[in-house]
Amino acid sequence: MKPLGDMRRHFWMVQKMARAQGLDLAGAMARGDLDQAEWADIVKRCQGCDGAAYCARLLAGDGPGELPGYCCNREPFRILLADQIMGENA
């Protein structure tokens with residue numbers, strides 16, 4: 001089993017990647033679309049991802065545009081972004 005990356009580093013990478021996608025994770029928690037356990041799972045998936053070094057370089061530039069194909073959090077981010085859009089349009 002591969003060791004997980006530094007939790008703080010990945011917490012902030014998740015935050016930056018979400019922001020680059022227009023996703024507000026704190027807002028998702030406030031709306032009830034995301035709970036603490038789910039947020040922790042998102043960070044843990046990032047910690048275990050082999051693409052973290054690439055993401056760090058990507059986020060140091062202008063942002064990723066769209067999530068990299070290998071991103072372990074593609075699906076949760078997609079769902080949360082759709083929930084966010086639905087909440088804004090309600």
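## A walk through the rings, the core and the cavity

Let's start at Trp12, which is partly exposed because its relative accessibility is 49%. Keep in mind as we go that this is a predicted model. Right beside Trp12 in sequence sits Phe11, and the two rings make an edge-to-face pair, since their centres are 4.9 Å apart and their planes stand at 85 degrees. Phe11 is itself partly exposed, with a relative accessible area of 26%.

Phe11 has another ring partner, and that one is Trp39. Here the planes are at 10 degrees and the centres 6.0 Å apart, so this pair counts as stacked. The pair links distant parts of the chain: Phe11 belongs to helix H1 (residues 7–20) and Trp39 to helix H3 (residues 36–47), with the two positions 28 residues apart in numbering. Is Trp39 buried or exposed? At 11% relative accessibility it falls under the 20% cut-off, so Trp39 counts as buried. Put the ring pairs together and you get a cluster of Phe11, Trp12 and Trp39. The structure holds 3 aromatic pairs.

Now for the nonpolar core. In soluble globular proteins, nonpolar side chains tend to be buried together. In this model, the largest nonpolar core has 19 residues, and Val14, Leu25, Leu34, Phe77 and Leu80 have the most contacts inside it. Which elements supply at least two residues each? They are H1, helix H2 (25–31), H3, H4 and helix H5 (74–89). Leu25 makes a handy viewpoint: leaving out residues up to four places away in sequence, it touches Val14, Gln15, Ala18, Leu34, Trp39 and Leu80. That list brings back Trp39, the stacked partner of Phe11, along with Val14, Leu34 and Leu80 from the core.

Next, the empty space. Rolling a probe the size of a water molecule over the atoms shows where empty space is left. With a threshold of 30 Å³ or more, the count here is 1 cavity. The largest cavity has a volume of about 120 Å³. Its lining is made up of 13 residues, and those nearest the centre are Met17, Cys46, Cys55, Cys71 and Asn73. H1 and helix H4 (52–60) are the elements that give two or more residues to this lining. What classes of residue line the largest cavity? The tally is 12 nonpolar, 1 polar and no charged residues.

Cys46, one of the lining residues nearest the cavity centre, is worth a closer look. Cys46 sits in helix H3 and counts as buried because its relative accessibility is 13%. Setting aside residues up to four places away in sequence, Cys46 touches His10, Met13, Val14 and Asn73. Two of those names have come up already: Val14 in the core and Asn73 by the cavity centre. Cys46 also has its C-alpha 6.6 Å from that of Cys72, although the two are 26 residues apart in sequence.

Finally, move to the loop between H4 and H5, where you'll find Tyr70. Tyr70 counts as partly exposed because its relative accessibility is 34%. Beyond its neighbours within four places in sequence, Tyr70 is in contact with Cys49, Gly51, Tyr54 and Cys55. For Gly51, the C-alpha to C-alpha separation from Tyr70 is 7.3 Å, with the two positions 19 residues apart along the chain. Cys55 takes us back to the cavity, where it is among the lining residues nearest the centre.

Methods: Residues are numbered from 1 along each chain as its sequence is written. This is a predicted model: local features need pLDDT of at least 70, side-chain atom pairs count only at pLDDT 80 or more; totals for chains, interfaces and linings use all residues. Side-chain values use heavy atoms; hydrogens and water are left out. Rings of Phe, Tyr and Trp (its six-membered ring) pair if their centres lie within 6.5 Å; planes under 30 degrees apart count as stacked, over 60 as edge-to-face and the rest as tilted. Buried means under 20% relative accessible area, exposed over 50%, partly exposed in between (1.4 Å probe, protein chains only). Helices (H or I, at least four residues) and strands (E, at least two) are DSSP runs, numbered from the N terminus. On a 1 Å grid over the protein atoms alone, a cavity is a set of points where a 1.4 Å probe fits but cannot get out, and a pocket is an open set with protein on both sides within 12 Å along at least five of seven lines; lining residues have an atom within 4 Å of a point. Grid points are joined across faces, edges and corners, and a volume is the space filled by probe spheres set on the points. Ala, Val, Leu, Ile, Met, Phe, Trp, Tyr, Cys and Pro count as nonpolar, Asp, Glu, Lys and Arg as charged, and the others, Gly among them, as polar. A nonpolar core is a set of buried Ala, Val, Leu, Ile, Met, Phe, Trp, Tyr and Cys residues joined through side-chain atoms within 4.5 Å. Contact means heavy atoms within 4.5 Å.
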